[in-house]
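Please look through the sequence and the model together before reading on. The report below takes up the parts of the fold one after another.

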Amino acid sequence: MSSLDPTWVERQADISHHPQSIRIGPVDYQIVVVENLISDDQKLNGQIMYNPSVIKLDEDMGPQMTRKVLWHETLHAILTHAGIDNEPENIVDALAYGIIAILRDNPWMRELVNNQDIP
Ligand SMILES: [Zn+2]
């Protein structure tokens, strides 16, 4: 997108510049970048741990995949907070990709959320 601030693009190329936490409803999750993220002998791109309120991201991802995985784990949290804990992974992924595309391709949707005239 040509309208992107080059500084923003540069920052997105380095996942270490993500904020260190994300507020999802009443919980602030710490975002931790992990080398070689593995759970139960399975290589993972991301993992949300509810009790310690941590979202782990594997460091071996490019900026676009990191963004998708952060949205994926965020959507898990939103659903879990609502008492939904059996969501299929493909649905979570479809929503993550879809939300990113909508927000990227329709900047007015982001502005609508940030509009100070609408509480
Ligand atoms: Zn998942």
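Which residue is the bridge partner of V32 in β6? The partner of V32 is K56, and this pair is a good place to enter a model that, as should be kept in mind throughout, is predicted.

## The chain as a whole

The secondary structure of the chain comes to four helices and six strands, and, read along the sequence, these elements follow the pattern α-β-β-β-β-β-β-α-α-α. Of the 119 residues in the chain, 15% are buried. When contacts between residues at least 6 apart in sequence are considered, 47% of them join residues at least 24 apart.

## The open sheet

Four strands make up an open sheet, in which they stand in the order β1-β2-β6-β5 and the pairing is mixed. The edges are taken by β1 (21-24) and β5 (46-49), each of which has a single partner strand, so one side of each is left without a neighbour in the sheet. From one strand to the next, the twist averages 25°.

As background, strands of a sheet pair through backbone hydrogen bonds, and they may do so in a parallel or an antiparallel way. The pairing of β2 (residues 27-34) with β6 (residues 54-58) is parallel and extends over five bridges, and the pair with which this report began, V32 and K56, links V32 to β6. By contrast, β5 and β6 run antiparallel and are joined by four bridges, with M49 standing opposite V54 in β6.

## The hairpin and its turn

How many residues lie between β5 and β6 in the hairpin that they form? There are four residues between these strands, and S53, which belongs to the turn, has a positive phi of about 55°.

S53 can also be related to a residue found much earlier in the numbering, V27, since the two are 26 residues apart in sequence but 7.3 Å apart in space, C-alpha to C-alpha. V27 has its place in strand β2. V27 has 13 other C-beta atoms within 10 Å, and because a residue is called exposed at 12 or fewer and buried at 20 or more, V27 is partly exposed.

## The loop between β3 and β4

Positive phi values are found in another loop as well, the one between β3 (38-39) and β4 (42-43), where D40 is located. The phi of D40 is positive, at about 50°, although D40 is not a glycine. D41 lies in the loop between β3 and β4 too, and its phi, near 60°, is likewise a positive value in a residue other than glycine.

Are these residues buried or exposed? D40 has 5 C-beta neighbours inside 10 Å and therefore counts as exposed, and D41, with 5 other C-beta atoms within 10 Å, is exposed as well.

## Helices α2 and α3

Helix α2 (residues 63-81) lies across β1, β2, β5 and β6, and it runs at about 30° to β5. α2 also packs with helix α3 (residues 89-105) at an angle of about 120°, their axes being 9 Å apart, and this angle makes α2 oblique to α3. The crossing in which α2 passes α3 is right-handed.

On the side of α2, the contact is made by R67, K68, W71, H72, L75 and H76, while α3 contributes V92, D93, L95, A96, Y97, I99 and I100. Sorted by character, the residues of this contact between α2 and α3 divide into eight nonpolar, two polar and three charged.

Conventions
Residues are numbered from 1 along each chain as its sequence is written. This is a predicted model: local features need pLDDT of at least 70, side-chain atom pairs count only at pLDDT 80 or more; totals for chains, interfaces and linings use all residues. Two strands pair if DSSP finds at least two bridges between them. Helices (H or I, at least four residues) and strands (E, at least two) are DSSP runs, numbered from the N terminus. Axes are lines fitted to C-alpha atoms, for helices over the stretch in contact, and angles run from 0 to 180 degrees between N-to-C directions. Two residues are in contact if their C-beta atoms, placed from the backbone, lie within 7 Å. Angles under 35 degrees count as roughly parallel, over 145 as roughly antiparallel, 65 to 115 as roughly perpendicular and the rest as oblique. A crossing is left-handed if the near helix is turned anticlockwise from the far one by less than a right angle, and right-handed if clockwise. Ala, Val, Leu, Ile, Met, Phe, Trp, Tyr, Cys and Pro count as nonpolar, Asp, Glu, Lys and Arg as charged, and the others, Gly among them, as polar.
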